[in-house]
Each structure stands twice: as C-alpha cells, then as structure tokens.
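Subject: Structure for you to look at

Dear colleague,

I am handing over the structure we spoke about, with the sequence alongside. Please have it open while you read the notes that follow.

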Amino acid sequence: MNNNSGRGLQPNVLGTFETIVMAVAGSAPAYSLAATTAVLVGAVGLAGPAALLYCAIPMLGIVLAFGRLGRIDVNAGATYSWVGRTLHPFLGFISGWALVVAATIFMVAGSLPAGQMTLSLFDPDLASNTALATAAGAGWFLLMLGVVLGGARLSARAQLIISGVELAILVLFAFGALLHKGAATTFDWSWLGFSHFDGFSGFAAGTLIAAFYYWGWDVTSNLSEETRNSRRTAGLASLVGVGVVFLLFVVFTIAVNVILTSKQISAHDTNVLALLGSAIWPGVGGKLMVLAVVLSTIATLETTLLQVTRSLFAMGRDRTMPAALGVVHRRWNTPWVAIAVVGTVALLLFVASNALGSTEEIMADALAAIGLQTTLYYGLAGLAAVVAYRKTLLTSVKDFVLGGAWPLLGSLFMFCVFAASLTELNAAAIAIGLGGLAAGIFPMLWYWRRGSAYYSPARLDATQAIHVDDAHVNSGSERKDYADAGLPTDF
C-alpha cells in the first residue's frame with residue numbers, strides 16, 4: 001500500500017540537524033552511561049574504553065547497513081520492510097516485532113529510573129519508593145506520549161531543547177574532567193588496547209555489555225518517511241550520531257577510571273555519573289549530572305515511542321497487524337491509534353511492575369531482555385544489506401568493504417552477542433526476551449493466512465533501485481520515484 005492515498009505520515013518535516021539530534025537522543029548518552037558504566041567497569045576494569053571502541057567497530061557496520069538499505073527502501077518499518085524483502089517475510093516480521101517488544105519493555109524500564117532520579121532531585125529518600133517512582137516515571141511517559149501524538153515537528157522541537165541541555169551539561173563536565181587535578185588512576189593509552197582484558201572471555205564480556213550503550217540510533221530510519229531527502233539524510237545522521245555518542249561514552253568512561261576508585265564505583269553503581277559530577281564540581285555537580293540523566297531518559301523515551309509507533313504504523317498499513325494501526329490523525333499526521341495502543345499497554349505494564357519487585361530488579365531483567373531483541377534485528381539488518389547489494393559488492397573495493405564485509409562483520413557480531421546473552425542471562429531475562437519474540441509468531445501466522453500482500457513482497461533489488469535513484473535525484477520527489485519505477489517502498 002502506498003502513501004499516495006493521503007493516509008500517510010507528513011513528509012519533509014525533519015532536516016539533517018534534527019535527524020542527527022534524534023540519533024544522538026536515541027542512544028541516550030547520559031542514561032546509558034549512568035545505567036551501565038558500573039557494570040562495564042566491574043566486568044573489565046580499565047578496559048572499559050577499549051570495550052566501547054571494539055563494540056563500535058561492528059556497530060558501525062550495522063549503521064552502514066541501515067544507511068544503504070534506507071537509500072533503496074524508504075519505509076517507517078525499516079528492518080521490518082528490508083529484511084522481509086531480502087531474506088524472508090517471516091524474518092522481516094520478527095525483526096519488526098523484536099523492535100516493538102524491545103521498545104515497549106524499555107518504555108517501562110526507562111521510565112522507572114526517570115521517576116527515581118526526578119524524585120532524588122528533591123528528596124533522595126523518595127527515590128527508593130517504587131510506587132512513587134513508578135508514578136513519576138509514568139507522568140514523564142504520558143508527557144512524551146502527548147508530544148509524539150502532536151507530530152514529528154513538535155517531537156523535533158522538544159528533542160532539540162531536551163537533548164540540547166543534556167549535551168551541554170555533558171560537554172561542560174567533559175571539559176571539567178580534563179581540568180580535574182585529583183586522580184585515582186593515571187590515564188594510559190593502553191586502556192584502548194587489548195592488554196587489560198582478561199583473555200577472550202573478558203573481551204567477550206566487555207563487548208557484550210558495551211553493545212547496550214549504542215542501541216537507539218536507528219530511530220532515524222523509522223522517521224525516514226518524515227525526513228527531507230531521507231534516502232541520504234537518515235544514513236548520514238546515524239553515522240554522525242553514533243560518532244558523537246561514541247566520543248561521549250569513551251571520554252566519560254575514561255573520566256570514571258581516572259577520577260573514581262573501584263570501591264567508589266561499586267558503592268554507587270546506580271549513581272556513578274552523579275558521583276563523578278560531585279567530584280568534578282563539588283556542591284552542584286552531582287545534581288547537574290542527575291538532571292542530565294533525567295533529560296537523557298526523557299529524550300530516549302520520546303525516540304523509543306517514535307520507533308515503536310512508526311513500526312506499528314507500517315505493520316498496520318501492510319495488514320500484518322490490525323489495519324487501524326496504520327491510520328493517521330487528520331490534523332497531526334501521526335499514527336494516533338498506534339500511539340494510543342502503545343500508551344495503554346505501557347500504562348498496564350507500569351501497574352504490573354509494582355508487583356514484580358524493586359525498581360532495580362525490574363530494570364535489570366527488562367534491560368537484559370532488550371539485548372536479545374535488539375541484537376537479533378540488528379543482525380538480520382546487516383545480512384539484509386549484504387543480500388540487497390550482492391550484485392554490486394565486487395564492483396569496487398569501497399563497495400566490497402562498506403557494502404559487504406563491514407555490514408557482515410556487524411551482523412556476525414550481533415548474532416554472537418545474541419548467543420552469548422543466552423548463556424549469561426538469568427532465567428527471568430531469557431523468558432522475557434525469548435517469550436516476547438515468540439509471541440510475535442501468532443499475529444504473523446494469522447495475517448499470513450489472511451493473505452497480507454507483505455508476505456508476497458517485491459524483492460529489494462539494489463542495482464535497479466540505485467539506477468532509479470540516480471535518474472530521479474533532481475526530480476524533487478522522495479517516495480514517488482520508486483513507486484513510478486515499480487519498486488514500491490511499502491507493500
């Protein structure tokens with residue numbers, strides 16, 4: 001089904017800068033550092049910066065894969081469409097479903113610490129109250145739900161403010177760390193090498209943890225139908241966004257190694273950034289860092305909502321999920337039914353989360369489960385890019401490396417992380433992760449049997465699509481080019 005019916009999302013809303021901001025916000029630099037730094041340092045010690053570096057290399061292969069696939073198929077479903085048209089529609093649906101499940105889980109797991117930290121800004125004792133933290137987190141979630149309902153333009157404006165303040169705080173403290181005189185450990189360039197890993201098992205453990213840091217940059221692909229010149233902008237924004245968050249991750253992990261002792265890190269495992277902020281700027285530094293983490297969490301809640309609602313919109317439009325999910329609001333051009341469904345499900349999970357244990361226990365199992373889903377759809381996207389561009393891979397060294405070898409490396413890395421996670425996670429996390437994926441089999445088979453056109457796709461032919469792209473690049477058309485050429489961007 002094509003968007004020319006007037007039911008589609010509003011095109012040309014986001015420019016390059018807004019899309020880059022979305023990519024950075026999706027990876028949530030302050031939140032990722034706060035949630036995972038202590039775990040990373042506990043697993044590999046001084047090798048934390050190296051783990052982030054060596055995880056970034058295969059992750060860039062996935063970024064390249066998304067950029068190349070987005071050039072030949074502009075679709076809000078992203079991997080859902082690409083994998084379905086290159087590997088198999090069943091795998092495509094599971095890719096989209098994996099993102100939906102991961103995003104839904106994260107909206108609860110991410111909102112809880114947002115509520116906790118918001119309360120801690122006023123009274124640290126309130127943060128330990130799970131019910132109160134859940135209520136505060138739900139409040140932030142509902143606010144972001146309203147922003148997303150208001151459309152991509154409103155979402156972008158809100159994101160510029162929220163992420164702008166967050167990044168300003170992080171940059172301020174990054175310079176503060178460079179000027180900080182005290183040191184628990186002296187920096188050494190060997191922290192970026194292999195010498196501090198405890199053999200291959202240590203390297204595997206470090207990169208497994210580091211993979212979580214980067215998830216979320218691919219929101220640019222889910223927003224492609226609403227982005228100007230998206231066939232190029234989405235991929236470029238993802239590359240720049242991952243580069244920005246990589247620098248922030250490495251700088252702050254090095255700062256933690258230099259300024260804080262291992263005892264301090266382990267004693268403040270959920271509050272490492274606040275401790276670092278207090279060490280750099282005694283008095284207000286800790287509060288400012290907590291504010292940065294709160295803003296980061298809110299920002300990534302918005303990008304996660306954008307990802308899941310656009311994915312559900314694409315599924316509804318293709319009749320692989322209820323068709324109502326593919327309906328957009330007449331005024332705001334947003335998939336309002338999908339937004340309402342996601343909001344209802346998330347609020348029910350907020351209520352249920354209070355019966356599952358402490359906030360920390362809920363977060364740990366939920367976030368661990370997310371890793372299984374994200375590495376699966378990232379890995380499948382890497383393979384899809386290689387298959388889609390297989391006829392062009394031997395035309396030049398550049399095409400072979402950027403279109404074949406690097407995405408394939410990223411894909412293999414993601415599948416290795418997926419397999420390693422199954423041996424490392426506890427039973428509850430595995431049940432949440434695999435159970436969430438398995439639940440997608442039921443709607444997949446139901447709509448397959450009902451004859452959804454998604455399951456008889458037009459194969460994604462990069463050679464033909466690139467030819468059409470080059471022929472129409474100056475036509476002023478975005479999605480219409482491919483439809484005219486018989487290369488539908490939607491089913």
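How many disulfides does the structure hold? The structure, which is a predicted model, holds zero disulfides. C55 takes part in none, and the cysteine sulfur nearest to that of C55 belongs to C416, 12 Å away. Seen from the other side, the cysteine sulfur closest to that of C416 is in C55, and at 12 Å this is too far for a bond. The two cysteines also sit in contrasting surroundings, since C55 counts as buried because its relative accessibility is 0%, whereas C416 is exposed, with a relative accessible area of 52%.

The aromatic residues come next, and a search of the whole structure finds 22 aromatic pairs. One of these joins Y80 and Y454, whose rings are stacked, with 4.6 Å from centre to centre and 5° between the planes. This pair links distant parts of the chain, for Y80 belongs to helix α4 (residues 79-86) and Y454 to the loop between α18 (441-449) and α19 (462-472), 374 residues apart. Both partners are covered: Y80 counts as buried because its relative accessibility is 1%, and Y454 is buried at a relative accessible area of 0%.

Y213 and F249 form an edge-to-face pair, because their ring centres lie 5.0 Å apart and their planes stand at 75°. As Y213 is in helix α8 (residues 199-214) and F249 in helix α10 (residues 230-259), the pair ties together parts that are 36 residues apart in sequence. Y213 is buried, with a relative accessible area of 0%, and F249 is likewise buried, with a relative accessible area of 0%. Elsewhere, ring pairs link F66, W82, W217, Y377 and Y378 into a cluster, and R68 lies over the face of Y389, at 4.0 Å from the ring centre.

Turning to the nonpolar interior, the largest nonpolar core has 142 residues, and those with the most contacts inside it are F93, Y214, F252 and L276. Helix α5 (residues 89-120) supplies the largest share of this core, namely 16 residues. If residues up to four places away in sequence are not counted, F93 touches Y80, M315, T320, M321, G440, P443, M444, Y454 and Y455. It may help to look at F93 together with the stacked pair described above, since F93 touches both Y80 and Y454.

What is the shape of helix α2, and where is its kink centred? Helix α2 (residues 29-44) has a kink of about 50°, which is centred on T36. The helix is mostly covered, with 12 of its 16 residues buried, and T36 is itself among the buried residues, as are P29, A30 and Y31. Just after α2, G45 takes a positive phi of about 60°.

The beginning of α2 can also be approached from S296, a residue of helix α13 (residues 285-317). S296 counts as buried because its relative accessibility is 0%. Once neighbours within four places in sequence are left aside, S296 is in contact with A28, P29, A30, Y31 and E166. Of these partners, P29, A30 and Y31 are buried residues of α2.

With best wishes

How values were computed: Residues numbered from 1 in each chain as written. Predicted model: local features only at pLDDT ≥ 70, side-chain atom pairs only at ≥ 80, totals over all residues. Heavy atoms only, no water. Helix = DSSP H or I, 4+ residues; strand = E, 2+ residues; numbered from the N terminus. Buried < 20%, exposed > 50% of the residue type's maximum accessible area, 1.4 Å probe, protein only. Contact = heavy atoms within 4.5 Å. Bend = angle between axes of the 7 residues up to and from the residue. Phe/Tyr/Trp six-rings, centres within 6.5 Å; stacked < 30°, edge-to-face > 60°. Lys NZ or Arg CZ within 6 Å of the ring centre and 35° of its normal. Disulfide = S-S within 2.5 Å. Core = buried A, V, L, I, M, F, W, Y, C linked by side-chain atoms within 4.5 Å.
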